[in-house]
Structures are given as C-alpha cells and as structure tokens.
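Student: Please pick one part of this model and take me through it closely. I'd like to see how that part ties in with whatever surrounds it.

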Amino acid sequence: KWICLITGITLFTNFFTHHLTYDWRWILLLTSTLLFYRSQITISFRSTKITKSLPLFFLFFGTLVWVAENISTLLGAWKYPHQIHTWSMVSFSKIISWTILVIFCFALTHSLIREDKSLDPQV
C-alpha cells in the first residue's frame with residue numbers, strides 16, 4: 001500500500017518539477033508498469049465482465065481523456081497556443097501525461113481505501 005502511495009506522490013510531483021529538473025516521466029511510467037503488471041481489473045456491466053491488466057487499463061483511460069481533450073478543443077471549450085488560428089489535434093505525447101494522471105488518481109484512491117474494504121461496493 002505504501003509503495004502505491006509513494007508512486008502516486010512521485011508521479012504528481014514530477015508534473016510540477018519536470019520544468020525545473022529532469023523529466024522522470026518515462027522512468028516513472030516504467031516503474032508503475034512494473035509495479036502493477038501482475039494486477040488485473042475487472043469491469044462489470046450488466047452480465048458482462050471484462051478483465052484486463054491494470055497498466056492496459058491505465059493506458060486505455062489515458063487515451064480516453066486524450067480523445068475527450070481533442071473533442072473539447074475542437075468544440076472550443078479551450079484552445080492551446082498552437083490552436084489559436086486553426087484547430088489541430090493535441091499531440092499524441094499527451095496520452096502519456098493523461099495516463100500518468102490516471103495512475104496517480106488510482107494510487108491516491110488506493111491509498112485512501114481502508115484495509116477492511118468498507119468502501120468496496122461488493123461487500
């Protein structure tokens with residue numbers, strides 16, 4: 001549990017410090033993948049259950065956020081400097097940033113859930 005919390009804090013800290021020091025993004029992403037590579041997540045919808053590896057889940061949701069970001073900028077919710085005159089797609093490299101944010105959110109949530117599973121909806 002504490003490793004997950006440290007990973008989350010380190011990922012979050014890198015968001016702010018990578019402009020001033022070395023960008024540890026790829027090393028942290030690799031570390032997170034190694035930390036969670038044996039973990040599985042199951043998503044249930046009605047009678048359908050889908051089980052995938054946790055790092056794949058992180059990448060999938062990071063990609064979904066990137067798609068939402070592109071839709072939002074296309075519809076004018078906000079614009080990045082390169083989109084002021086004409087819309088252009090947000091860089092693919094942002095998928096990694098969003099994936100890291102998803103990992104951070106997961107790590108933070110995981111560290112807050114008590115061991116007795118009192119927040120588990122299955123109980």
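Tutor: Let's start at Lys94, which is partly exposed with a relative accessible area of 24%; on this scale, buried is under 20% relative accessible area, exposed is over 50%, and partly exposed is in between (1.4 Å probe, protein chains only). Before we go on: this is a predicted model, in which local features need pLDDT of at least 70 and side-chain atom pairs count only at pLDDT 80 or more, while totals for chains, interfaces and linings use all residues. Residues are numbered from 1 along each chain as its sequence is written, and side-chain values use heavy atoms, leaving out hydrogens and water.

Lys94 belongs to helix 4, which runs over residues 94-112. Helices here are DSSP runs of H or I with at least four residues, strands are runs of E with at least two, and both are numbered from the N terminus. With 19 residues, helix 4 reaches 27 Å from its first C-alpha to its last, close to the 27 Å expected; that expected span is 1.5 Å times one less than the number of residues.

Now look at which side chains helix 4 tucks away. Its buried residues are Ile95, Ile96, Ser97, Thr99, Ile100, Val102, Ile103, Phe104, Ala107 and Ser111. If you're checking the spacing on screen, remember that an α-helix has 3.6 residues a turn, so residues three or four places apart point the same way. The cover over those buried residues includes helix 1 (2-17), helix 2 (25-36) and helix 3 (54-74), where a contact means heavy atoms within 4.5 Å.

Helix 3 deserves a stop, since its Glu69 meets the side chain of Lys94 in a salt bridge, 3.4 Å from N to O. Glu69 lies in helix 3 and Lys94 in helix 4, so the pair ties together parts that are 25 residues apart in sequence. To count as a salt bridge, a side-chain nitrogen of Lys or Arg must be within 4 Å of a carboxyl oxygen of Asp or Glu. The general idea is that side chains of opposite charge can pair when their charged atoms come close. The Glu69 end is buried, at a relative accessible area of 2%, while Lys94 is partly exposed at 24%.

The structure holds 2 salt bridges; another pair is Arg25 with Asp23, at 2.9 Å from N to O. Here Arg25 counts as buried at 18% relative accessibility, and Asp23 is partly exposed at 24%.

Back to helix 3. Its 21 residues should span 30 Å at 1.5 Å a residue, and its end C-alpha atoms are 30 Å apart, which agrees. Along with Glu69, the buried set of helix 3 includes Leu54, Pro55, Phe57, Phe58, Gly62, Trp66, Asn70 and Thr73. Among what covers them are helix 2, strand 1, strand 2 and helix 4, so the covering runs both ways: helix 3 is also part of the cover on helix 4. Just after helix 3 comes Gly76, with a positive phi near 90 degrees.

Between helix 3 and helix 4 there's a loop, and Phe92 sits in it. Phe92 is exposed, with a relative accessible area of 55%. With Val67, Ile71, Leu74, Leu75, Trp87 and Met89, Phe92 forms a nonpolar surface patch of about 730 Å² of accessible area together. A patch takes residues with over 30% relative accessible area and no salt bridge, joining like charges within 9 Å and nonpolar side chains (Val, Leu, Ile, Met, Phe, Trp, Tyr) within 5 Å; the areas come from the Shrake-Rupley method with a 1.4 Å probe, and for residues only the protein chains shown count as cover. Ile84 lies in this loop too, and counts as exposed at 54% relative accessibility.

Finally, the wider setting. The protein has 4 helices and 2 strands, in the order α-α-β-β-α-α along the sequence. Of its 123 residues, 26% count as buried. As for confidence, pLDDT is the predictor's own score for each residue, from 0 to 100. The protein averages 84, with 91% of residues scoring at least 70. Among the elements, helix 3 has the highest mean pLDDT (94) and helix 1 the lowest (80).
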